[in-house]
Amino acid sequence: MKKMLKFSVLLLGLTLLLGLTGCPTEDDGGGGGGSGLSFESTSPPSIFVENLSAKRLVAFKGSLNPNNLIGGIPSYASNYGLAKPSTLFTQTGDFALVLITEDDYVNNKSNLAAAAEFARIYAFYNNEATNNNVFQISSKSGGTGRITLNNSTSYNIEIRRNGPTGEVLGYVAANMSNTVLRVEAPEDYSLYPVFKRYNPVDKEIYSVVPKYQSGALEGKPYAKDFALTVADGTTAWNLNEVTVANTFNLSSGCFYLRIVNNAQTAVRFTRGDDEQVTSVGIKGIPPSTTNVYAVRITRGVDGKYPTQENISGLKIGTQLNPVAVDSQAYKLDYTYTITVTGADASNLVVGTPVESDGPVDLEAMFNSY
């Protein structure tokens, strides 16, 4: 009887020990799941991501190739620093972030091409500065519904839900066909294409919205509605329709503020109390440096972008001396240049915005390279 008691106590002790140490949970940050990958946030990262889905994901740069493997992303991860393999991140530029589930990765390690893409989103890596942008992975991604995207145009196109600034569902590069957008179904979707282009001269990612030129929706952003009526519903979208000649025009939905810092101190650009970030993730402006910021114009209640908007609350300066920019009307798609001078933070002079001769020629820029 004493031996049995001792054996029971020993079993209880082992049970408590296992309970305290535990097996890896789904989001313990370790390898887990048999993938052998790290799911711990990296600093400094290649990029930041926010995973709104319940799935643990594995990320690749550009395509599902073992040489393009970046690393793991936990479920529901916020401001997660994705790994930065030295062989993949050597120069500034945009790319497709291709995602599959950890289970699919484990099951298809020897043939990644057989894995189903969970999502494909637009991303950007800056090799010249800190990467502050956060790229979001939708909770609607990876579902049983499928929308096949065929893009024979010269535009890289991001797919957003319910508006041109809505949740990102996917991305299809120029001249790519049969890119599958996997979404939750049954569900109704109103999808908006947004053209993306990184301009290395301006160091700016231009996000451009096609707009209707005629009919009941004239002046409003182009959209396509889909009704996936069953769980495994499928449909297709030929994105060439977005660029049919004389049917659509383009707008960025913002104006551009080019800040030339000729002062002897770094400055920052704020709108209200919010420090603004360039599209490539740069915040402050060091001396002898120029940054370009896209400043969004508010769409009207009718869904159209106004030709201009009176904007106040802009400030350029240091934390202790933010200098107000005079309130004025800014035109849609125009560039305004402001030059900052001063020997130190106490003697900053912020010049008057100088308007460009005309709007940015978005169509020429998107078709030039």
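1. Let's start with the cavities. In this predicted model, the count comes to 2 cavities of 30 Å³ or more. The largest cavity holds about 50 Å³ of space. Rolling a probe the size of a water molecule over the atoms is what shows where empty space is left.

2. Which residues line the largest cavity? They are F118, A119, R120, L149, L169, G170, Y171, T179, V180, L181 and R182. Three strands, β6, β10 and β11 (176-183), each supply at least two residues of this lining. The largest share, 4 residues, comes from β11.

3. Two of those lining strands lead on to the nonpolar interior. The largest nonpolar core has 39 residues, and both β6 (119-125) and β10 (167-172) are among the elements that give two or more residues to this core. The other elements that do so are β2 (57-61), β3 (69-73), β5 (93-101) and β7 (134-137). If you would like to find the core on screen, look for I73, L97 and L99, the residues with the most contacts inside it.

4. L97 is a good residue to click on. Leaving aside its neighbours within four places in sequence, L97 is in contact with I47, V49, A59, F60, I70, L82, A119, R120, I121 and A123. Two of these partners, A119 and R120, also line the largest cavity. There is also a second, separate core of 27 residues, which includes I157, I159, V208 and V242.

5. I157 and I159 bring us to strand β9 (residues 156-161). Why is β9 described as largely enclosed by the rest of the structure? The reason is that 6 of its 6 residues are buried, where buried means under 20% relative accessible area. N156, E158 and R160 point one way from β9, while I157, I159 and R161 point the other way, and all are buried. You may like to note that these buried residues include E158, R160 and R161.

6. Now for the partners of β9. Strands of a sheet pair through backbone hydrogen bonds, either parallel or antiparallel. β9 runs antiparallel to β12 (residues 187-199), and 6 bridges join the two. Within this pairing, R161 of β9 stands opposite L191 in β12. β9 also pairs with β10 in the antiparallel sense, over 5 bridges, and here the bridge partner of I157 is V172.

7. The turn between β9 and β10 deserves a look too. The hairpin has 5 residues between the strands, and in it N162 takes a positive phi near 70°.

8. Elsewhere there is an open sheet of 3 strands, in the order β4-β1-β7 with mixed pairing. β4 (80-81) and β7 are the edge strands, each pairing on one side only. Strand β1 (residues 48-51) runs parallel to β7, with 4 bridges joining them; N51 has I137 of β7 as its bridge partner. β7 is also one of the strands that give two or more residues to the largest nonpolar core.

9. Finally, some figures for the chain as a whole. How many helices and strands does the protein chain have? The protein chain has 3 helices and 27 strands. Of its 369 residues, 45% are buried. Taking contacts between residues at least 6 apart in sequence, 67% join residues at least 24 apart. The accessible surface comes to about 17,900 Å², and 50% of this belongs to carbon and sulfur atoms.

Notes. Residues numbered from 1 in each chain as written. Predicted model: local features only at pLDDT ≥ 70, side-chain atom pairs only at ≥ 80, totals over all residues. Heavy atoms only, no water. Core = buried A, V, L, I, M, F, W, Y, C linked by side-chain atoms within 4.5 Å. Buried < 20%, exposed > 50% of the residue type's maximum accessible area, 1.4 Å probe, protein only. Contact = heavy atoms within 4.5 Å. Areas by Shrake-Rupley, 256 points an atom, 1.4 Å probe, with all protein chains shown as cover. Pairing = 2+ DSSP bridges. 1 Å grid on protein atoms, 1.4 Å probe; cavity = no way out; pocket = protein on both sides within 12 Å on 5 of 7 lines; lining within 4 Å. Points joined across faces, edges and corners; volume = space filled by probe spheres on them.
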